[in-house]
Amino acid sequence: MNQPLSTLVLAGPVLRRTTLNQVNLWMATAEPVEIRVRLYPDDHQTREFTFNENMDGLRTLIAGKHLFYHFISLNQTTPLPSDTPIEYTVELRTRAGSQDPSGWHDHTDWAPDLCYPGYARPFFRIETHTHTLLHGSCRKPHHDGADGLVAADRLLTQIAVNAEHQDMPAWPAMLVMSGDQIYADDVAGPMLSAIHALIEDLGLTEESLQQLGAGELENSTDLYHTSTHYARSGLLPRLNSGESVLEVLFKGVRKPVFTSINADNHLITLAEILAMYLLVWSPTGWQRIDWRSPENLDAKHQGKYEREDMVITEFTNGLGQVRRVLAHIPSAMIFDDHDITDDWNLNRQWEEAAYDHPFSRRVIGNAMIGYLINQAWGNRPELFDEEQFNAAQAVLDRPGISQHDEFIERLLSLEQWDFSWPCDPPLVVLDTRTRRWRSESSPNKPSGLLDWEALTDLQRQIREMDRVLLVSAAPIFGVKLIESIQMLFTFFGKPLVVDSEYWLAHKGTASGILNVFKHRKTPKTFVVLSGDVHYSFVYDVELRGRHGGPNIWQICSSGIRNEFPDGLLRYLDHLNRWLYSTRSPLNWLTRRRTMRVIPRKPQGTAHGRRILNGSGIGIVELDDSGAPTRIMQLLAQDDSRVIFNRREEEARWD
């Protein structure tokens, strides 16, 4: 072996879709390995699965000299038991130890901190009914604040030790991650340095950038060895758009197709994307490298780099706990814009500018390939078939050749990123990024988050269900004032300035999603889980003039490691309550006027507040009918659990 056992497993095991008949695990190693997984469903039985390279139940992708992805599906001939802990081990044997019967190494060798108190092995549960779940979005590594996944680990530790405590939530059935698991478009300087150091350490394959309009850059090595820290926005294609309010209203400016104001360190190559995933999910990559501040930074950027370095160091300190959470709770993951790039597919104008340029098309495509490998497979393993694996391997073997761009074309036209899990209530996760309803009247107007065909598919999928957990990255019912501000900027032709992406921005999509709720065969109970906005809130939603349902709860938890500017949010929250109070005529100008929206008050916050600001993770507890019994936000800074209380007397029309 070239590396000690402690750095053999680069990330994982990550528990993904888990049912009574199939358990899916994802992991990445620095060496080719044989894999042996053992399940312990009870005290008298062990189920063992041994894999060598690509065989039934295991697929391996090789991304470099020292990066091997393993996609493990444990198919059960006898269903696993439900509602009880099922312990498991993942044992690895390298080629160097393949002739040694004792050459197998489990987590005690490569992740000794992987287990919770009272357990010698990691475990998972398959619940008959989902009574507790965790959910959140927007995990930005260089946000100067605490990490909601680390807080989730502390909560799981408490549950493992005090499971019988009356105030303690039950062990979560799943972790729903509703977008922005990485920030490919907003990378701290030290993170970019670490990414480049890890690329070199793992020997990831060089990517050709020729004929992409990338200036003098011929390949990825040129990019890594060029001083591009805080200067990458200059490499990106540009279009007309707005920045400040005055520029929006009067003149407009030139800015990149990649529209984040923090795009100075936007990831470009496939290797950069793959390295970032390893660095946000596990401590191992950080243990393998030594990263340094780039030379020739001016004083301004050197100071910024040093401040970010302090925050990134704090972020890395919690990655062992993050790894432990992902090994114990099945995770459902859907992309949002920052997983790919800011304002991704916001409107037809953006799409035409981005996809018509070969360089920006490659950047977007690389992020899509990274999402497929690191996130999408575990949502819907059957989607990633033999042909898909072979095509992905061809790209990883020689990034930048024609097969690379052909694979990107295939992914950009794929309409199967949405998924559902057969739990109770069923989990239905929407793809609100690639199946958009583009405006026919103007290319500058926001696209609808789902087109008519996708809305029809949704209605058909849920029509026989009594209850559903519906995941939408953007809240279906958002803060009305903020949506009105977005509408105003859209009216002036500048939707990119305020990320004008909300369900009711497009007339067709707005009518379609509201009709889903009004359909006579719609589920009786909707729990809508959302993120995106960097604050948290809960609404109870009722159809006006209709008795007997459906009951709708809009629950937003954002961000896992991100926050909204607090002073501005307090002002918007106060103004929203004033402008859209119970008797305000403005309520009748909204597309939600046929619905009654009742905001819940976060317990312990200032009088009148309805929006909670602070990094953390959402906790939802459900009864057997799928209705929430308790909705909380676990704040990462102090581990306080803020309950969202219903206040009937504060009901209002929205």
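**A walk through the predicted model**

Strand 9, residues 132–136, is mostly covered, with 5 of its 5 residues buried. This is a predicted model, and the strand is a convenient place to enter it. Thr132, Leu134 and Gly136 point one way from strand 9, whereas Leu133 and His135 point the other way; residues of both groups are buried.

Two other strands pair with strand 9. Strand 22, residues 616–622, runs antiparallel to strand 9 and is joined to it by 4 bridges. Within that pairing, Thr132 has Glu621 of strand 22 as its bridge partner. The pairing with strand 10, residues 175–177, is in the parallel sense and extends over 3 bridges. Here the bridge partner of Leu134 is Leu175 in strand 10. Strand 9 thus has an antiparallel pairing with strand 22 and a parallel pairing with strand 10.

The protein as a whole gives the setting for this strand. Its secondary structure comes to 18 helices and 25 strands. The protein has 654 residues, of which 63% count as buried. Taking the contacts between residues at least 6 apart in sequence, 76% join residues at least 24 apart.

Confidence in the model should be kept in mind when reading further. The mean pLDDT of the protein is 88, and 87% of the residues reach 70 or more. Two stretches call for caution. Over residues 241–255 pLDDT stays under 50, and the model has 31 contacts beyond four places in sequence for this stretch. Over residues 649–654 pLDDT also stays under 50, and the model has 26 such contacts there. Where pLDDT is low, the predicted coordinates should not be read in detail.

A second group of strands can be followed from the sheet down to single residues. Strands 4, 3, 7 and 8 form an open sheet of 4 strands in the order 4-3-7-8, with antiparallel pairing. Strand 4 (45–52) and strand 8 (123–124) are the edge strands, each pairing on one side only. Inside the sheet, strand 3 (residues 33–42) and strand 7 run antiparallel and are joined by 8 bridges.

Arg36 lies in strand 3, and its bridge partner in strand 7 is Glu91. Is this charged residue buried or exposed? Arg36 is buried, because its relative accessible area is 13% and buried means under 20%. Beyond its neighbours within four places in sequence, Arg36 is in contact with Glu48, Phe49, Thr50, Thr89, Val90, Glu91 and Trp104. The bridge partner Glu91 is thus one of the contacts of Arg36.

Thr89, another residue in that list, lies in strand 7, residues 86–94. Thr89 is also buried, with a relative accessible area of 5%. Its contacts outside the four nearest places in sequence are Arg36, Val37, Arg38, Tyr40, His107 and Arg121. Tyr40 shows how the fold brings separate parts of the chain together: Thr89 and Tyr40 are 49 residues apart in sequence and 8.7 Å apart in space, C-alpha to C-alpha.

The empty space in the model can be considered next. Rolling a probe the size of a water molecule over the atoms shows where empty space is left. The second largest pocket has a volume of about 590 Å³. Its lining has 26 residues, and His196, Ala197, Glu200, Tyr224 and His225 lie nearest the centre of the pocket. Helix 3 (189–202) and helix 4 (220–224) are the elements that give two or more residues to this lining. Of these, helix 3 gives the most, with 5 residues. By class, the lining of the second largest pocket has 13 polar, 8 nonpolar and 5 charged residues.

There are also closed spaces: the count comes to 3 cavities of 30 Å³ or more. The largest cavity has a volume of about 70 Å³. Which residues line the largest cavity? They are Ala63, Leu204, Thr205, Glu207, Thr269, Leu270, Ala271, Leu274, Leu396 and Pro399. Helix 6, residues 270–281, gives the most to this lining, with 3 residues. The lining of the largest cavity divides into 7 nonpolar, 2 polar and 1 charged residues.

Technical notes:
Residues are numbered from 1 along each chain as its sequence is written. This is a predicted model: local features need pLDDT of at least 70, side-chain atom pairs count only at pLDDT 80 or more; totals for chains, interfaces and linings use all residues. Side-chain values use heavy atoms; hydrogens and water are left out. On a 1 Å grid over the protein atoms alone, a cavity is a set of points where a 1.4 Å probe fits but cannot get out, and a pocket is an open set with protein on both sides within 12 Å along at least five of seven lines; lining residues have an atom within 4 Å of a point. Grid points are joined across faces, edges and corners, and a volume is the space filled by probe spheres set on the points. Ala, Val, Leu, Ile, Met, Phe, Trp, Tyr, Cys and Pro count as nonpolar, Asp, Glu, Lys and Arg as charged, and the others, Gly among them, as polar. Buried means under 20% relative accessible area, exposed over 50%, partly exposed in between (1.4 Å probe, protein chains only). Contact means heavy atoms within 4.5 Å. Two strands pair if DSSP finds at least two bridges between them. pLDDT is the predictor's confidence in each residue, from 0 to 100.
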